[in-house]
Amino acid sequence: METVFVIAALKLVGYGLATIGPGLGVGIACYGCCVGTARQPEVGGRLFTNFIIGAALAEALALIGFVLAFIL
C-alpha cells in the first residue's frame with residue numbers, strides 16, 4: 001500500500017521537474033521576442049507570431065507530461 005503512495009508522489013515530482021524545460025523555453029523565447037522587437041520595431045508583428053507558435057509548442061510538452069503523469 002505504501003508503494004502506491006510513493007509511486008504517486010514520484011510521478012508528481014517527475015512532472016514538476018519536467019515542467020522546467022518548457023518554462024525555460026517559453027522564457028527564453030519571450031526574451032528573444034522582446035529584444036528583437038526592441039531592436040527592430042517594424043518586424044514586431046512577425047516576431048510575435050513566431051513567439052506564439054514556439055510558446056504553444058513548448059507548452060504542448062508540458063501538457064504531454066501532465067497527461068503522462070496520470071496515465072502511468
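## Helix H3 and its buried side

Looking at helix H3, the buried residues are Gly 44, Phe 51, Ala 55, Ala 58, Ala 62, Gly 65 and Ala 69. Buried here means under 20% relative accessible area, exposed means over 50%, and partly exposed is whatever falls in between (1.4 Å probe, protein chains only). Helices (H or I, at least four residues) are DSSP runs, numbered from the N terminus. What do the buried residues of H3 pack against? Their partners are helix H1 (2-18) and helix H2 (20-39), with contact taken as heavy atoms within 4.5 Å.

A word on ground rules: this is a predicted model, where local features need pLDDT of at least 70 and side-chain atom pairs count only at pLDDT 80 or more, while totals for chains, interfaces and linings use all residues. Residues are numbered from 1 along each chain as its sequence is written, and side-chain values use heavy atoms, leaving out hydrogens and water.

## Length check on H3

H3 has 28 residues, so at 1.5 Å a residue it should span 40 Å; the C-alpha atoms at its ends are 40 Å apart, which agrees. The expected span is 1.5 Å times one less than the number of residues.

Two other H3 residues are worth a look. Phe 48 sits in this helix and counts as partly exposed because its relative accessibility is 46%. From Phe 48 to Lys 11 it is 37 residues in sequence and 34 Å in space, C-alpha to C-alpha. Gly 54 is in H3 too, and its 32% relative accessibility makes it partly exposed. Gly 54 and Thr 3 are 51 residues apart along the chain, with 39 Å between their C-alpha atoms.

## A nonpolar patch

Leu 61, Ile 64, Phe 66, Val 67, Leu 68, Phe 70 and Ile 71 make up a nonpolar surface patch, together offering about 730 Å² of accessible area. One of them, Ile 64, is placed in H3 (residues 44-71). Patch members have over 30% relative accessible area and no salt bridge, with nonpolar side chains (Val, Leu, Ile, Met, Phe, Trp, Tyr) joined within 5 Å. A salt bridge puts a side-chain nitrogen of Lys or Arg within 4 Å of a carboxyl oxygen of Asp or Glu, and the areas are Shrake-Rupley values with a 1.4 Å probe.

## Cysteines

How many disulfides does the structure hold? The count is 0, using a cut-off of 2.5 Å between cysteine sulfur atoms. Cys 30 is in no disulfide, and its nearest cysteine sulfur, that of Cys 34, is 4.2 Å away. Cys 30 is partly exposed at 33% relative accessibility, and Cys 34 is partly exposed at 46%.

How values were computed
Patch = residues over 30% accessible without salt bridge, like charges linked within 9 Å, V, L, I, M, F, W, Y side chains within 5 Å. Helix = DSSP H or I, 4+ residues; strand = E, 2+ residues; numbered from the N terminus.
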